[in-house]
Amino acid sequence: MAENITLAQDPWPPITSENLEGEALATVIVSTALRNANYNPVVKTIPWKRALFEVETIKSDAIVAAYYNDKRAQIYDYSTPYLITPVLFLKRKDADINFQSLKDLEGYRIGYVRGTSSGNEFDNADYLNKVELNNPSTVIQMLYNKRIDIAPFTSVVGTHLINTEFPAWRQELEYFGPPIQTLHYYLMVGKKHPKGLEILTRFNTEVTKMIKAGTIRKIIEQNNLQDAFPEKGAKSRTEPELDVPPGPAGDSS
């Protein structure tokens, strides 16, 4: 008989969401792996800080999707990374722009959302012509209308935004160039949880099988997010190598 396991997540489409159709990539991957490990996942969507508290105090068993950082690792244990998403530049397909380093992008108008981070190198590149904007939708609109030239996006977030708000523009926009950052997603349990390491061991076993079988790629395609992982130029991995260790990848989730 399957054992119940309570998963906490904050609403963060298309990574985590109560709506599993195209808006909850991590939720589907994690729930599938845990069901395969003979758990019955019960997912609740709550604010991020509350999710952290509940998992630390064992009111919930695990957080669906978290980034790694050293400070948090003193309180929580992590699974193997089950998904790696790149942060890429987006442009119009008719724009002839290429780069190998950020220095190559001097002179281009680069739109980004005020208060967000796209990695230390980009954040600290004061020589770039950055245009602060209020929200991701405005960035897409200005890009399409040629009021900016390029924009950095976490690829799954940008793809989901285009699919849901601007589907008519999907064939006219594309990611290009190497990733400027990569984000690793982990299942996370509290160190105080008496079965925490068992949960992670069983999860890791099943998610490794999913990686080898190409199941995660299929879930990405079922969620219409394959454009977030371009095969050319970006050199991104949709499925992590099995020996990838935890590494810093931001602190917002």
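This passage walks through some of the salt bridges found in this predicted model.

There are 13 salt bridges in the structure. A good place to start is the one between Glu 3 and Arg 202, whose side chains come together with an N to O distance of 3.9 Å. Glu 3 sits in strand β1 (residues 3-9) and Arg 202 in helix α6 (residues 196-213), so this contact ties together parts that lie 199 residues apart in sequence. Neither end is fully tucked away: Glu 3 is partly exposed at 29% relative accessibility, and Arg 202 is partly exposed too, at 23%.

Arg 202 also has a partner within its helix. Its side chain meets that of Glu 198 in a salt bridge, at 2.9 Å from N to O. These two residues are four apart in helix α6, so about one helical turn separates them. Glu 198 has a relative accessibility of 37%, which means that it counts as partly exposed. Through salt bridges with shared partners, Glu 3, Lys 195, Glu 198 and Arg 202 end up joined in one network.

Elsewhere, Asp 227 pairs up with Arg 170, and the closest N and O atoms of this salt bridge are 2.9 Å apart. Here again, distant parts of the chain are linked: Asp 227 belongs to the segment after α7 (215-222), while Arg 170 is in the loop between α5 (155-165) and β9 (173-190), and the two are 57 residues apart. As for how open they are, Asp 227 is partly exposed at 34% relative accessibility, and Arg 170 is partly exposed with a relative accessible area of 23%.

Conventions. Residues are numbered from 1 along each chain as its sequence is written. This is a predicted model: local features need pLDDT of at least 70, side-chain atom pairs count only at pLDDT 80 or more; totals for chains, interfaces and linings use all residues. Side-chain values use heavy atoms; hydrogens and water are left out. A salt bridge is a side-chain nitrogen of Lys or Arg within 4 Å of a carboxyl oxygen of Asp or Glu. Buried means under 20% relative accessible area, exposed over 50%, partly exposed in between (1.4 Å probe, protein chains only).
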